[in-house]
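This report introduces a structure to a reader who has not met it before. Please view the sequence and the model together while reading.

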Amino acid sequence: MVAAVPGIRADPLGFLARLRGRYGDVVAFPMPRDPVVLLSSPAAARRVLVENHRAWGKRTAQYGALSAVTGTGLLTSDGEVWRERRRTAQPAFHPRGLGVVAEQSVAAAGRLRATWPAAGGVVDVDAGALQATLEVVGRTLFGGEVTDDGERLVAAVLEALEVVVGRVRTPLPAWLPTPARRRLRRAVATLDVAAADVVARRRARGLHEDDGDLLALLLRAVDAGDLAPEGLRDELVTTVIAGHETVASALTWTLHLLAEEQGAQARVAEELDAVLGGADEDGGRAPAWADLRSLVRTRAAVEESLRLFPPAWVVSRRALVDDVVDGVALPAGTTVIISPWLLHRRPELFPDPEVFRPERFEGEGLGREARGAYTPFGAGPRLCIGRDFALVETTLVLAELLRGASVHPVPGERVRVDALVTMRPRDGLRLRLAPRRRAGAGVSAPA
Ligand code: HEM
């Protein structure tokens, strides 16, 4: 089916939903050159991402634009380069490292909590989440505190991404010098310097034999001649893009949904009290790695939020050879767009799809088919390398934040979604905090 539905720029999510609603699970966009097709069935996503993944690469407009910033990093590369990079980075994401992720996540959340007004008040939870997740990336993957270098690196990455998003929306011939392109070149130059500074600082501190963080692994690969210095820069930038804003978005959207659904928040609070012993003003003790298996409701709230607001709301692939997907022949060169945001809203798999109901992920959890469609971290060999990292981090940050405070919507505040590189709240997200406990008293309402 060939589609002609206006509105992609103004409202990309609504645009995708309208396309699927009007034309079905396989929809071709009227494009002048190679075909672009939106695939919306779980079977089609599975075919491309898992079963026949070798037939599909990442040379798409989406990843091409990102690679203007990341170079050939793990997220955007293909084939042998990708395999080699994944092998190098994988040990940094091994489950034995998750204890450190847990520790750093709780510490970062504790620092954020300390900035929250003890008597309650309005805070921008998105700004707080961005700061906390940056600290966790810095301390776990780059093996040290995020100093000015790290902050500059993130600022430069965000600046470059902003230009790139504009470019995906209005593709211009590559030779045309535009203000946007000049801005991108400047941002990338700043980013190169900031990445080099992060590396130099780490080198100056010295590499120890048992350092197993991502930066240490990459530096050793450079020293062994297995990775070019540009590759090291590309992976640093990729990690910032893939592992910082995504996790912050997941946290922010979870807090937003819990604020909207006080019943769900009360269930999480009950769990936190039971696990962390929180009858005092502080909401008990800080959570730790060992508590994760008991924080079932807290993690389910994160998973349900990733269903409704998957930060990576679209992924794309390009056919390297001809393939048949959902009974439709797609020639080599076809770009397919797969949207977790759409997959997660199929009513036959997720009844009342717009309702925030963390219980879906508790007990037995999702059924087999719904599990196949649930793809906030992608699927197949290109599954997010940071999936477990992100789930540990978000669950523990949330537990640490909510053990002592409850969150509530700010009256009159409109929450708007920007679906750009990731799905983000436009202009931050303000919530009203209330201290959850007053020695022996019950859950308190916002002032
Ligand atoms: C809630 C947080 C996160 C979400 C929603 C998310 C989502 C995703 C998705 C959907 C993909 C697959 C893209 C595709 O198939 O085209 C992906 C890949 C990737 N993610 Fe994540 N991610 C998250 C956190 C992280 C973290 C914490 C890191 C690292 C610190 C990370 C690093 C990566 C990398 C390097 C890839 C590329 C993997 C490969 O192709 O081998 N992500 N992520």
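The following paragraphs describe the surroundings of the ligand, then one helix, then one annotated residue.

The model is predicted. In it, the ligand is surrounded by 23 residues, and the closest of these are A242, G243, G378, C384 and G386. Three elements give two or more residues each to this shell, namely α10, α11 and α16. The largest share, four residues, comes from α10. By residue class, the shell holds 15 nonpolar, six polar and two charged residues.

The table gives the residue ranges of the three contributing helices.

| Element | Residues |
|---|---|
| α10 | 229-243 |
| α11 | 245-260 |
| α16 | 387-402 |

Helix α11 can be examined further. Its 16 residues, taken at 1.5 Å a residue, should span 22 Å, and the C-alpha atoms at its ends are 22 Å apart, so expectation and model agree. Most of α11 is covered, as 15 of its 16 residues are buried.

The residue C384 belongs to the group closest to the ligand. An unreviewed UniProt entry places the feature "binding site" at C384. This residue is located in the loop between α15 (368-373) and α16. Is C384 buried or exposed? C384 counts as partly exposed because it has 19 C-beta neighbours inside 10 Å, whereas 20 or more would make a residue buried. When neighbours within four places in sequence are left aside, C384 is in contact with F377 and G378. Of these two partners, G378 is also listed among the residues closest to the ligand.

Terms used:
Residues numbered from 1 in each chain as written. Predicted model: local features only at pLDDT ≥ 70, side-chain atom pairs only at ≥ 80, totals over all residues. Near = placed C-beta within 6 Å. Nonpolar A, V, L, I, M, F, W, Y, C, P; charged D, E, K, R; others polar. Expected span 1.5 Å × (residues − 1). Buried ≥ 20, exposed ≤ 12 C-beta atoms within 10 Å, placed from the backbone. UniProt positions renumbered as here; feature names shortened; annotations may be inferred. Contact = placed C-beta atoms within 7 Å.
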